[in-house]
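This report describes a sheet, the helices that pack on it, and one residue of a further helix. The sequence and structure are shown first.

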Amino acid sequence: MEEESSYIKGRGAQMNTHNRFFAQSYELRDDFLEHCRLEGDKADDNRTQYLEVFPKTVVNRVDSPDVGLEYSLNPYQGCEHGCIYCYARNSHEYWGYSAGLDFERRILVKKNAPQLLEEKLKSRNWTAHTIVLSGNTDCYQPAEKKFRLTRQCLEVFLKYRHPVGIITKNALIARDMDLVTELAAHRLIGVNLSITSLSEKTRQILEPRTATIQKRLDTVRMLSEAGVPVNVMMAPLIPGINSHEVLPLAKAAADAGAVSVAYTVVRLNGAIGEIFSDWIRKAMPDRAEKVLSQIKECHGGNLNDSRWGERMRGEGNFAQMMRSQVQLARKKFFEGRAFPELNHALFQSYKDGQLRLF
């Protein structure tokens, strides 16, 4: 790793990339930094800012055919977890910020998300489709401790007996076990918990503000023992960083009670290619070029890949090797297990029952 002075600890991205929607760049100019030094000010104190926003809608239709979900709800935009590979970074540019450090340090808080969700479920033409909390940014990121929007949304889902999925890599879901277990009793919830490595050293630089690996495995066990179906996401697999961990990681997930595992191959679309390349040359200079070369080999010679059906699984020798390991892991550790279908009937029964009151 580079000298301490040039590496921002506790963050994934080490820079702010230019927002493609603006003519002016976000990167701090040398003359501005020199001015701050002379004036005794700090140009960058690395604090996280929470910015309250009030969107008109929060339930979003997902059109991507290879994502595996129809609707998503993200209570927060931006994510303090700081995962360096995160595909959601690019979406921060739509809000006027950079996909780099801004994504981790300027968190947009959708204060009216629970109210908008309830309005959606009460609308006359809405029929039950599983709505996934997250899908873009983590619904249990650190902001949730303060704002509790995810918990409020779960209360709405329970009230209307509506199916909900969760994607997270934070153990904070344990706080809401009262709601999660009640939803699970009606087959209304499934959890996708992301675990990308068994190495704490890898986690600390790859996903700097996430829950520890042990806490995540403990969370899988806690949810499973409570009757909540858990799928472990080994996503993304990155050649030369965590690709060698597929079998031990899958075994640890199965031992903790997960009913299935899934994976994706890393792809670095949009600004993420520049952010990741800058990061790895600072965090892992000894293997940076090798890793970047192997990622390119998985995507036809490019860091990015937007081809439906190919972008998630990759191509070539490295991608095939990872795919074969996942297939072996499923056969070896998950035989006879399956992630269940959620219950969509209770919502309609509830809705019809409410209509009969009038």
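Two strands are taken to pair if DSSP finds at least two bridges between them. On that basis, and bearing in mind that this is a predicted model, seven strands form an open sheet with mixed pairing, in the order S2-S3-S6-S7-S8-S9-S10. Its edge strands are S2 (59–61) and S10 (260–265), each of which pairs on one side only. Neighbouring strands of this sheet are turned against each other by 25° on average, with direction ignored.

At the S10 edge, strand S9 (residues 230–237) runs parallel to S10 and is joined to it by five bridges; Met-234 has Tyr-263 in S10 as its bridge partner.

Helix H8 packs on the sheet, where it touches strand S8 (189–194) and S9, whereas helix H9 lies across S9 and S10. The table gives the angle of each helix to one of the strands it touches.

| Helix | Residues | Strands | Angle |
|---|---|---|---|
| H8 | residues 213–225 | S8 and S9 | about 165° to S8 |
| H9 | residues 246–255 | S9 and S10 | about 160° to S9 |

Which residues does Gln-325 touch, leaving aside those up to four places away in sequence? Gln-325, which is placed in helix H12 (residues 316–333), touches Ser-243, Val-246 and Leu-247. Because its relative accessibility is 18%, Gln-325 counts as buried, the cut-off for buried being under 20%. Of the residues it touches, Val-246 and Leu-247 fall within the range of helix H9 (residues 246–255).

Note on methods. Residues are numbered from 1 along each chain as its sequence is written. This is a predicted model: local features need pLDDT of at least 70, side-chain atom pairs count only at pLDDT 80 or more; totals for chains, interfaces and linings use all residues. Side-chain values use heavy atoms; hydrogens and water are left out. Helices (H or I, at least four residues) and strands (E, at least two) are DSSP runs, numbered from the N terminus. Buried means under 20% relative accessible area, exposed over 50%, partly exposed in between (1.4 Å probe, protein chains only). Contact means heavy atoms within 4.5 Å. Axes are lines fitted to C-alpha atoms, for helices over the stretch in contact, and angles run from 0 to 180 degrees between N-to-C directions.
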